[in-house]
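I set out to record what can be read from this model, one item at a time. The entries follow in the order in which I looked things up.

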Amino acid sequence: MRWKNDPHRYSSASIALHWAMVVLVVGAYASAELREAFAHGSAQRAWLMSAHAFAGLAVFVLVFARLALRAGPRPAIVPAPSRLQSILAAAMHVLLYAFMVAMPLIGWLLVSAEGTDVGFGAFRLLPLVAPDHALADFAEDLHEGIANVGYALVGGHAGAALVHHYLRHDDTLRRMLPWRTKQR
Ligand code: HEM
Ligand code: HEM
């Protein structure tokens with residue numbers, strides 16, 4: 001496994017983490033939205049919420065590995081985008097990293113303040129705070145609000161990658177694909 005990005009391509013570790021994160025974030029959204037199809041207190045709803053917490057907490061752990069890998073040089077985009085596009089992309093990446101840190105933390109705060117026991121097998125998630133109804137309501141609103149913003153961030157980010165690939169014909173997307181493709 002290659003850890004360091006080279007001047008033309010993200011490292012295999014960065015690529016693996018990026019796409020693993022896509023699966024986990026989509027899984028977190030899907031499990032949260034799907035839970036509404038099941039009655040409160042049902043085993044299916046409880047299972048989906050455990051899967052939700054697991055996916056979200058995995059994002060929280062892996063995002064720090066991603067940030068560590070990002071410390072080195074990043075592959076340049078060929079042909080180079082405009083300065084404005086580069087600034088917008090950098091701002092979007094900062095927001096995506098902030099999202100990957102904040103969402104799981106607020107979710108963790110939410111279940112702690114609710115007094116909900118979250119665990120997988122022998123592992124139990126330590127509560128961050130004592131049960132607190134007002135704090136739970138606040139964290140729930142914040143978690144839902146940022147989740148809605150997250151749809152726009154992820155949608156805009158994925159859309160921009162496709163615009164680069166299909167309209168600008170640069171290598172933005174190819175640098176992040178696990179397989180090598182020819183220049184379009
Ligand atoms: C990347 C991480 C995460 C994402 C994208 C995410 C996203 C979401 C979404 C979309 C909802 C549904 C909001 C709605 O009903 O409108 C939700 C609800 C919820 N999430 Fe997360 N979440 C994440 C992490 C976590 C974590 C780590 C926990 C707990 C440890 C958690 C606990 C909850 C709970 C308890 C609810 C239900 C709130 C309610 O009762 O309305 N989430 N989340
Ligand atoms: C199908 C969906 C997605 C596609 C097609 C996609 C594509 C890409 C591409 C092509 C890049 C390289 C951009 C560049 O170097 O300027 C990238 C970077 C990035 N993506 Fe995604 N992405 C997707 C979903 C996501 C999701 C769900 C997240 C996290 C919530 C995410 C977070 C990031 C971040 C933080 C970077 C910056 C990497 C760095 O630090 O250099 N992406 N993505």
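**Entry 1: Thr172**

I began with Thr172, which lies in the segment after α4. The model is a predicted one. I asked whether Thr172 is buried or exposed. I found 20 C-beta neighbours inside 10 Å of Thr172, and it therefore counts as buried; the cut-off for a buried residue is 20 or more.

I then looked up what Thr172 touches. Setting aside residues up to four places away in sequence, I noted Ile77, Ala161, His164 and His165. As a distance check I took Ala16, which is 156 residues from Thr172 along the chain; their C-alpha atoms are separated by 16 Å.

**Entry 2: the end of α4**

I turned to the residue that follows α4, which is His169. Like Thr172, His169 is found in the segment after α4. I recorded a phi near 55° for His169, a positive value in a residue other than glycine. I note for context that most residues other than glycine have a negative phi. His169 has 11 other C-beta atoms within 10 Å and is therefore exposed; 12 or fewer is the limit for that class.

**Entry 3: helix α4**

I went back into α4 and checked its length. The helix has 36 residues and reaches 51 Å from its first C-alpha to its last, close to the 52 Å expected at 1.5 Å a residue. I listed Ala139, His143 and His164 as buried in α4. His164 is also one of the residues that Thr172 touches. What covers the buried residues of α4 includes α3, and I took up that helix pair next.

**Entry 4: α3 against α4**

How do α3 and α4 lie relative to each other? I read residues 83–114 for α3 and residues 133–168 for α4, with an angle of about 155° between the packed helices and their axes 9 Å apart. Angles over 145 degrees count as roughly antiparallel, and α3 and α4 are therefore placed in that class. I recorded their crossing as left-handed.

I next listed who makes the contact. The α3 side includes Met92, Leu95, Leu96, Phe99, Ala102 and Met103, and among the residues further along α3 are Ile106, Leu109 and Leu110. From α4 the contact includes Leu135, Ala136, Ala139, His143, Ile146 and Leu153. I note that residues three or four places apart in an α-helix point the same way. By class I recorded 16 nonpolar, five polar and two charged residues in the contact of α3 with α4.

**Entry 5: Leu109**

I singled out Leu109, whose place is in helix α3. It has 21 C-beta neighbours inside 10 Å and so counts as buried. Leaving aside neighbours within four places in sequence, I found Leu109 in contact with Leu128, Val129 and Ala139. Ala139 is listed among the buried residues of α4. I also took the C-alpha separation of Leu109 and Ala30, which are 79 residues apart along the chain, and recorded 21 Å.

**Entry 6: α1 against α2**

I repeated the helix-pair look-up for α1 (residues 12–34) and α2 (residues 43–70). Their axes come within 8 Å and cross at roughly 155°. That makes α1 roughly antiparallel to α2. I recorded the crossing of α1 and α2 as left-handed.

The contact draws on residues of α1 including Leu17, Ala20, Met21, Leu24, Ala28 and Ser31, and on residues of α2 including Leu48, Ala51, His52, Ala55, Val59 and Leu62. The residues of the contact of α1 with α2 divide into 17 nonpolar, five polar and one charged.

**Entry 7: the loop between α2 and α3**

Pro79 lies in the loop between α2 and α3. I checked the peptide bond from Val78 to Pro79 and found it cis, with omega near -10°. I note that most peptide bonds are trans.

**Entry 8: the whole protein**

I closed with the overall figures. The secondary structure comes to four helices and two strands, and the pattern along the sequence is α-α-α-β-β-α. I recorded a C-alpha trace that spans about 55 × 30 × 25 Å along its principal axes. Of the 184 residues, 18% count as buried. Among contacts with a separation of 6 or more, residues 24 or more positions apart account for 65%.

Technical notes. Residues are numbered from 1 along each chain as its sequence is written. Chains are lettered from A and ligands numbered from 1 in the order in which they are written. This is a predicted model: local features need pLDDT of at least 70, side-chain atom pairs count only at pLDDT 80 or more; totals for chains, interfaces and linings use all residues. Axes are lines fitted to C-alpha atoms, for helices over the stretch in contact, and angles run from 0 to 180 degrees between N-to-C directions. Angles under 35 degrees count as roughly parallel, over 145 as roughly antiparallel, 65 to 115 as roughly perpendicular and the rest as oblique. A crossing is left-handed if the near helix is turned anticlockwise from the far one by less than a right angle, and right-handed if clockwise. Two residues are in contact if their C-beta atoms, placed from the backbone, lie within 7 Å. Ala, Val, Leu, Ile, Met, Phe, Trp, Tyr, Cys and Pro count as nonpolar, Asp, Glu, Lys and Arg as charged, and the others, Gly among them, as polar. The expected span of a helix is 1.5 Å times one less than its number of residues.
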